[in-house]
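Q: Please take a close look at one part of this structure. I would like the sheet, the helices packed around it, and any enclosed space described together.

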Amino acid sequence: MPLTTLPMADPGRPDLDSPLAFLRWLQRSQRRGQWLATLWGVVEMGAMAALPVALGLGIQAAVDHRTGGVWQAGALAVLLTAVQATGSVLLHRQAVWNWITSAAQTRQLVARQASALGAGLSRRIATGEIVAVSSGDVEKIGWYVELVARVRAAVLVWLAVSLVVLVQQPLLGAAVLLGVPVLAVSVLPLLGPFERRYSEQRALGGKATELAADTVAGLRVLRGIGGEELFLERYRRASQLVRGAAVRTARVWALMQAQQVLLPGLFVVGVTWYGVELAADGRIGVGELVAVYGATAFLAAPLRILGEAAHAWSVARVSAGRATRVLALRRTADESGLTATLAAPGRSDLHDPLTGLTVRAGRLTAVVCADAGTADELATRLGGHVPLAEGELPTPAVRLGGIELDAVPLAEARAAVLVHDKEPVLLSGTLAELFEIPSSGLVTPAEAIAAAQAEDVLDALVDGSPEADGDPMRALITERGRSLSGGQRQRLALARVLVADPPVLVLDEPTSAVDAHTESRIAAALRGIRAERTTVVLATSPLLLDQADTVVLIDGGRVTAIGTHRELLHTAPHYRAVVTREDDQAAVAVEEKV
């Protein structure tokens with residue numbers, strides 16, 4: 001079996017027409033592994049089915065007082081046992097390989113999709129569902145894909161056993177040939193209820209996971225306001241709903257398991273009873289009776305695999321449906337048909353036709369939005385390739401230098417325009433690894449850290465990382481930077497994006513978690529480090545607005561005022577109301593007095 005390096009260089013382009021099409025695509029992508037597993041399954045179960053024949057021959061030889069026949073039968077039994085053991089080991093090895101490969105392939109596809117859609121993914125699908133798909137669902141999908149080969153092997157061996165028994169004893173052979181499909185189909189009435197209950201369980205589990213993630217992310221704030229008990233109670237209720245759904249699912253699954261034991265057992269008893277009557281009448285020998293009994297009892301193995309396949313199909317179809325829903329999400333344009341390119345993006349104006357906003361090249365432009373929701377949408381739009389929400393119609397794309405960002409490949413659009421989210425994520429690792437990102441090379445980490453006023457963050461990281469030996473770049477950052485305060489995380493994330501030094505940088509509330517004194521120094525340093533580079537700052541802080549070359553007010557989804565911060569304070573009452581948190585009428589009254 002060849003070893004495959006994971007993750008794969010290219011997981012491929014899946015068939016997303018339906019959950020079944022996706023599962024079939026996963027099977028086709030590992031044809032060699034599937035056929036090897038089928039081969040070893042036939043070897044293992046074929047030897048298992050033939051072993052009772054060897055035992056029957058030995059017993060019959062003993063009855064006939066043929067010593068040589070006993071030795072021959074014993075040697076055949078030892079050989080079949082060795083073949084069965086070898087086949088079992090190789091089958092298990094190949095089945096695990098198929099399982100892991102399918103799970104890894106699906107997980108890579110989901111990760112690639114999340115990377116392509118970016119922050120817009122959460123507009124389409126809840127975070128908890130993404131976590132559920134990339135954890136539990138990929139395991140269920142991998143389980144079904146590997147099981148297909150074992151089902152194929154079980155069917156082949158069952159047909160072979162049925163043919164042999166049919167030749168020796170037509171009535172028994174017909175019973176074996178027809179009884180197995182009937183017993184396999186008997187589980188179908190339970191599949192519907194099981195699938196519905198499992199779907200409910202997965203949906204509730206996704207909601208509980210999302211609630212847990214939100215609670216952990218905001219634990220520091222919750223403790224500050226004493227709200228952790230409220231969220232803990234909410235999670236208790238959500239987890240109890242999941243537990244109840246799991247119990248209801250387990251009841252149906254237990255009934256299916258009992259059915260898979262009871263019905264085959266009754267079938268074996270019936271066939272064996274008939275064989276005993278044939279032996280008592282002298283129509284078959286004792287050895288043949290043992291062989292028939294053994295062959296019939298062997299059929300419990302294929303039936304068990306078919307029952308497992310029914311269960312796996314039920315859960316895999318639900319899981320594959322969730323996975324295809326995530327993988328089927330698309331941006332506003334088809335990536336394969338994008339041929340436009342951007343020329344000198346750092347010297348081109350950025351224009352949003354939806355709001356009328358125009359950002360001049362090489363200038364620091366601050367945007368004040370009367371509605372916070374408008375600011376979030378604008379930040380996403382300025383990066384281009386915006387994923388659409390369910391039922392949402394596409395809007396005119398943002399243009400850079402007259403070229404629609406949606407018309408250029410995603411990688412090129414992201415290289416030209418970098419959007420710094422309001423809540424950036426810090427991945428775990430060393431500080432040096434945090435700054436190992438694609439960049440222009442014009443801004444060093446030390447310069448970026450100084451501009452972001454993050455020197456004290458380095459001290460905190462060194463104090464918390466004895467293994468750094470005093471070197472800040474070797475200091476460790478915990479998952480999502482949880483060991484740092486909100487302001488420290490924000491400044492470190494700002495330093496990271498300054499190191500990237502993109503042609504066009506969009507900052508969404510980059511200083512919302514820092515004090516006024518630090519914010520003032522960051523605003524001044526930002527103007528200096530981004531000199532002659534296109535920068536957009538979405539903010540309402542006067543300290544940031546005062547450093548901007550141009551300030552734009554967006555109200556009601558459209559640009560309503562343009563000027564400097566000081567000009568707009570005197571000429572635009574609504575701007576002053578938004579920035580100073582005054583009531584509109586009070587702002588107008590102040591304007592009239594002036």
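A: What follows starts with the sheet and moves outward to the helices and the cavity.

The model is predicted. Six strands make up an open sheet with mixed pairing. Their order is β6-β9-β10-β3-β11-β12. At the edges stand β6 (417–420) and β12 (558–563). Each has a single partner strand, so one side of each lacks a neighbour in the sheet. From one strand to the next, the twist averages 20 degrees.

Take the β6 edge. β6 and β9 (residues 504–508) run parallel and are joined by four bridges. One pairing can be named: leucine 418 has leucine 505 of β9 as its bridge partner.

A helix covers this pair. α17 lies across β6 and β9. Relative to β6, α17 runs at about 175 degrees.

α17 (residues 486–500) also meets a second helix, α18 (residues 516–529). Their axes come within 13 Å and cross at roughly 5 degrees. The two helices are therefore roughly parallel to each other. On the α17 side, the contact is made by Arg491, Leu494 and Leu498. On the α18 side, Thr518, Ile522, Leu526 and Ile529 take part. By class, this contact has five nonpolar residues, one polar and one charged.

Now the enclosed space. A search of the whole structure finds one cavity of 30 Å³ or more. The largest cavity holds about 30 Å³ of space. Its lining consists of Leu364, Ala366, Ala523, Leu526, Val537, Leu544, Gln547 and Ala548. β3 (364–369) and α18 each supply at least two of the lining residues. The lining divides into seven nonpolar residues, one polar and no charged.

Leu526 links two parts of this account. Leu526 belongs to the contact of α18 with α17, and Leu526 also lines the largest cavity. β3 has two roles as well. β3 sits between β10 and β11 in the strand order, and β3 contributes to the cavity lining.

For contrast, consider another helix pair. α1 (residues 19–28) and α11 (residues 300–327) have axes that come within 8 Å and cross at roughly 95 degrees. These two are therefore roughly perpendicular to each other. From α1, the contact uses Pro19, Leu20, Phe22 and Leu23. From α11, the residues include Trp313, Arg317, Gly321 and Thr324. By class, the contact has nine nonpolar, two polar and one charged residues.

Definitions and conventions:
Residues numbered from 1 in each chain as written. Predicted model: local features only at pLDDT ≥ 70, side-chain atom pairs only at ≥ 80, totals over all residues. Heavy atoms only, no water. Axes fitted to C-alpha atoms, helices over the stretch in contact; angles between N-to-C directions. Parallel < 35°, antiparallel > 145°, perpendicular 65-115°, else oblique. Contact = heavy atoms within 4.5 Å. Nonpolar A, V, L, I, M, F, W, Y, C, P; charged D, E, K, R; others polar. 1 Å grid on protein atoms, 1.4 Å probe; cavity = no way out; pocket = protein on both sides within 12 Å on 5 of 7 lines; lining within 4 Å. Points joined across faces, edges and corners; volume = space filled by probe spheres on them. Pairing = 2+ DSSP bridges.
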